[in-house]
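Me: I should like a close look at a single part of this predicted model. Please treat it in one connected account, together with its surroundings.

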Amino acid sequence: MGATMDNPPPPTAPLSNRQVDTIRGQYHKFALIPMLEEHATWFDAGPVSIAVEARALGDSPERMVRGPSIHVFDATHSDEYLRFDVFGVVLHYHYIHNETNHNTLWGYDPDTNGPMIPWVVSALRDRLPTLLRRAGADRLAKDVEEQGWDTSVLPAVAAAATAALAPREDDMKRAKEGMDWMYRWKAVHPQFNTVGEGEY
């Protein structure tokens, strides 16, 4: 029988004086690793462009993850606003706040939502202005609403993302490049992947 109000677990000391909040995105005060351009394929789509990066990270075949990172930029390929990371144990996505070089991270639940790549395609097709506004890109969101955008690229985006899941002969080479790139980013951006106590 599960814990109930009438049958609670045995009392223990509180872990801290913090309460547990329902997490609606973790706000992270750091910038994400820049994309490795040589492993990315671009799809220009009017006011926005999408890059599918075939990412690999790890130091051995047993400790390697691979898969697509789907990036949403403006038309000039300069400012990134959304990133969907479909690799590793914890699938996730980010709203990127360029004005502060911060990001908000959300975990993805495949048990509830199904495979992530089709979900990303649907979210981009049906909700792109809303997603852009969550990233603070109000002007770009309005441009998308007023001008539209070329959703015909989405099947090719899905195909490139799916291909990035498959094993490749250069997996370990790309994984080492990915780790070296991450350490290089950490050296110039020390707060990367760190969260202060109580910040999320």
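How many residues lie between β6 and β7 in the hairpin that they form, and which residue in the turn has a positive phi?

Reply: Four residues lie between β6 and β7 in this hairpin, and the turn residue with a positive phi, of about 60°, is Asn101. The two strands pair in the antiparallel sense, over six bridges. One position in this pairing can be named: His94 has Leu105 of β7 as its bridge partner.

β7 also has a pairing with β1, again in the antiparallel sense, here over three bridges. In that pairing, Tyr27 stands opposite Thr104 of β7. β7 thus pairs with β6 and with β1.

The surroundings of β7 may be considered next. Five of its six residues are buried, and β7 is therefore largely enclosed by the rest of the structure.

The strand also takes part in the largest pocket of the model. β7 gives three residues to the lining of this pocket, the largest share. The pocket holds about 580 Å³ of space, and its lining comprises 25 residues. Nearest the pocket centre lie Asp85, Phe87, His92, His94 and Asn193. His94, listed here among the residues nearest the centre, is also the bridge partner of Leu105 in β7. Besides β7 (102–107), the elements that give two or more residues to this lining are β1 (26–28), β3 (48–57), β5 (80–85), β6 (92–97) and α5 (171–188). Both pairing partners described above, β1 and β6, are therefore among the contributors. By class, the lining has 14 nonpolar, eight polar and three charged residues.

The second largest pocket also involves the hairpin strands. β6 and β7 each supply at least two residues of its lining, as does β5. About 300 Å³ of space lies in this pocket, and 20 residues line it. Those nearest its centre are Leu32, Pro34, Glu80, Arg83 and Asn98. Its lining has nine nonpolar, seven polar and four charged residues.

In summary, β7 forms a hairpin with β6, pairs with β1 as well, and contributes to the linings of the largest pocket and the second largest pocket.

Notes
Residues are numbered from 1 along each chain as its sequence is written. This is a predicted model: local features need pLDDT of at least 70, side-chain atom pairs count only at pLDDT 80 or more; totals for chains, interfaces and linings use all residues. Side-chain values use heavy atoms; hydrogens and water are left out. On a 1 Å grid over the protein atoms alone, a cavity is a set of points where a 1.4 Å probe fits but cannot get out, and a pocket is an open set with protein on both sides within 12 Å along at least five of seven lines; lining residues have an atom within 4 Å of a point. Grid points are joined across faces, edges and corners, and a volume is the space filled by probe spheres set on the points. Ala, Val, Leu, Ile, Met, Phe, Trp, Tyr, Cys and Pro count as nonpolar, Asp, Glu, Lys and Arg as charged, and the others, Gly among them, as polar. Buried means under 20% relative accessible area, exposed over 50%, partly exposed in between (1.4 Å probe, protein chains only). Two strands pair if DSSP finds at least two bridges between them.
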